[in-house]
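Got the model open in your viewer? Let's walk through it stop by stop, selecting as we go.

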Amino acid sequence: MSEKLAIHGGTAAVPDGMVETWPPLTQADRDAVLSVFDSNQLHTRNAPKASALEQRWAEYCGAEHCIVTNGGTQSLHIALAGVGVEPGDEVILPAFSYWSSAAAILHQNAVPIFVDIDPQTFTIDPALIEDAITERTSAIMPVHIHGMPADLDSVMEVARKHGLRVVDDAAQAQGATYKGQAVGGATDATAFSLNRLKNLTGGEGGLMTTNNEAVYTCAAATGGLGSVTVDDGGTERTFFGHGYNYRPVEFAAAMALSQLDRLDEYNQQRREMADYLTEHLADIPGVSGPYTPDYAGPVHFMYTIEFIPDELDIDVTVDELKSAAWNALEAEGVAILQWQREPIPAMQFFQDERGYGSAYPWRCGDSQVTYNADDYPESQRFVASHAYLRGVFAPNSMDLIERYVDAFRKVFSQIDAVMG
Ligand SMILES: Cc1ncc(COP(=O)(O)O)c(C=O)c1O
């Protein structure tokens with residue numbers, strides 16, 4: 001006889017309070033943050049923890065330069081400035097991402113141009129980029145969404161053919177590998193977030209890497225209130241130009257530096273949990289885990305699940321299946337969530353092209369761009385058919401992940417009862 005579903009009063013597969021939140025904090029993190037008080041150097045890239053973090057992150061990514069900032073959006077912004085995106089330029093990015101990817105483009109007074117995602121990896125579909133290029137395009141921004149690297153070689157090939165720069169958004173992908181190399185050293189510039197949720201975190205903060213000296217110099221000045229320090233015959237003098245205050249906070253840098261000691265270990269735990277889930281969900285009709293292309297070493301910032309009604313012997317839409325299975329899984333104690341509810345260009349802000357002031361940046365270059373939410377069917381399909389599981393990371397153990405699999409088995413083996 002099948003086990004009674006929790007929605008029908010049965011015992012939940014996952015006990016209450018079992019799912020722990022990110023990030024795991026250790027005594028080493030506490031000591032690192034407290035040591036900042038002793039140094040009394042609380043901000044700027046020159047402070048000890050910030051400069052050590054820059055050095056170690058550049059090495060980790062195989063990049064020449066790293067800049068630590070006070071946010072991932074800010075890191076993206078200085079990367080775009082660094083590669084020379086001009087007001088009124090167009091920058092191509094995937095329609096499915098966090099809104100910050102597009103916000104950073106707007107911060108540079110440039111116009112976001114969205115293309116649809118690849119239906120398997122959910123990262124930008126390189127085959128669609130060429131059609132989106134116009135004479136105003138200056139850069140492409142692939143996003144390593146959910147910790148899954150985008151197909152960088154294909155993106156770089158189109159970019160080089162058309163003389164465009166590439167800034168990759170690796171906010172969700174610290175430690176993810178593309179063809180065996182950590183992301184952060186393969187494009188013109190890469191931006192990472194250090195916010196509380198990220199695989200590498202300082203609470204808030206950001207990092208930018210590049211191998212290009214000119215990109216580095218411009219990005220560093222842009223994030224440092226336009227300041228450039230020069231040696232003027234033995235005396236250091238600082239000049240100010242255009243820029244923003246994206247200076248890092250030393251407490252956050254100390255925390256991120258301490259967490260970096262354990263990044264590989266944490267990423268490995270995420271991979272083991274994700275692989276276990278994916279392997280077992282593959283045996284359960286109606287649901288599946290994420291696909292990993294051969295080139296990718298993902299870090300599963302968020303574990304995605306897809307609801308697949310076609311695999312079931314019942315006649316239901318994906319919306320009906322997702323909604324009913326969601327309720328049943330939640331009752332079983334599975335921490336399930338929806339992250340983005342629509343592709344970015346479907347957001348009212350883009351539909352209305354509100355921007356700031358009188359519709360800037362769209363007015364900057366008399367842009368004729370409009371956004372049609374129906375132009376991104378794969379992004380729409382992704383949002384409709386997918387959800388995420390919380391807790392697929394340390395300090396949670398495989399015990400939780402095994403219980404998640406039990407919950408999925410229980411719910412999908414009784415899907416008639418679940419659908420009511
Ligand atoms: C894909 C993506 N890009 C950019 C960002 C911006 O990072 P931050 O929150 O540090 O500004 C985020 C943060 O959630 C993100 O997920």
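Start by selecting Glu272: with a relative accessibility of 43%, this residue counts as partly exposed, because that label covers what lies between buried (under 20% relative accessible area) and exposed (over 50%), with a 1.4 Å probe and protein chains only. Before moving on, note that this is a predicted model, where local features need pLDDT of at least 70 and side-chain atom pairs count only at pLDDT 80 or more, while totals for chains, interfaces and linings use all residues. Residues are numbered from 1 along each chain as its sequence is written, and side-chain values use heavy atoms, with hydrogens and water left out.

**Surface patches**

Glu272 sits in helix α9 (residues 263–281); helices here are DSSP runs of H or I with at least four residues, strands are E runs of at least two, and both are numbered from the N terminus. Add Asp275, Glu279 and Asp283 to the selection, and you have a negative surface patch together with Glu272. Patch members have over 30% relative accessible area and no salt bridge, with like charges joined within 9 Å and nonpolar side chains (Val, Leu, Ile, Met, Phe, Trp, Tyr) within 5 Å. Asp and Glu count as negative, Lys and Arg as positive, and His and the chain ends are not counted. Each charge is placed at NZ of Lys, CZ of Arg, CG of Asp or CD of Glu.

Now pick Val228, Val230 and Phe239, which make a nonpolar surface patch of about 220 Å²; accessible areas come from the Shrake-Rupley method with a 1.4 Å probe, and for residues only the protein chains shown count as cover. Val230 belongs to strand β10 (residues 228–232) and is partly exposed at 33% relative accessibility.

**Salt bridges**

How many salt bridges does the structure hold? There are 14, each a side-chain nitrogen of Lys or Arg within 4 Å of a carboxyl oxygen of Asp or Glu. Show Arg262 and Asp29 as sticks: their side chains meet at 2.8 Å, N to O. This pair ties together distant parts of the chain, 233 residues apart, with Arg262 in the loop between α8 (250–260) and α9, and Asp29 in helix α1 (residues 27–39). Arg262 is buried at 12% relative accessible area, and Asp29 is buried at 2%.

Next, try Glu332 and Lys410, another salt bridge at 2.8 Å, N to O. Glu332 lies in the loop between α10 (318–331) and β15, and Lys410 in helix α13 (residues 398–413), 78 residues apart. Are these two buried or exposed? Both Glu332 and Lys410 are buried.

For a salt bridge with partly exposed partners, go to Asp352 (39% relative accessible area) and Arg354 (45%); their closest N and O atoms are 2.9 Å apart. Then select Arg160, Arg165 and Asp188, which salt bridges with shared partners join into one network.

**Aromatic stops**

Colour the rings next: the whole structure has 25 aromatic pairs. Rings of Phe, Tyr and Trp (its six-membered ring) pair if their centres lie within 6.5 Å, and planes under 30 degrees apart are stacked, over 60 edge-to-face and the rest tilted. Zoom in on Trp339 and Tyr388, an edge-to-face pair at 6.1 Å centre to centre, with 90 degrees between the planes. Trp339 is in the loop between β15 (336–337) and α11 (348–351), while Tyr388 is in strand β16 (residues 386–389), 49 residues apart. Tyr388 is buried, at 1% relative accessibility.

Finish at Trp99, Phe114, Phe349, Phe350, Trp362, Tyr371 and Tyr376, which form one aromatic cluster.
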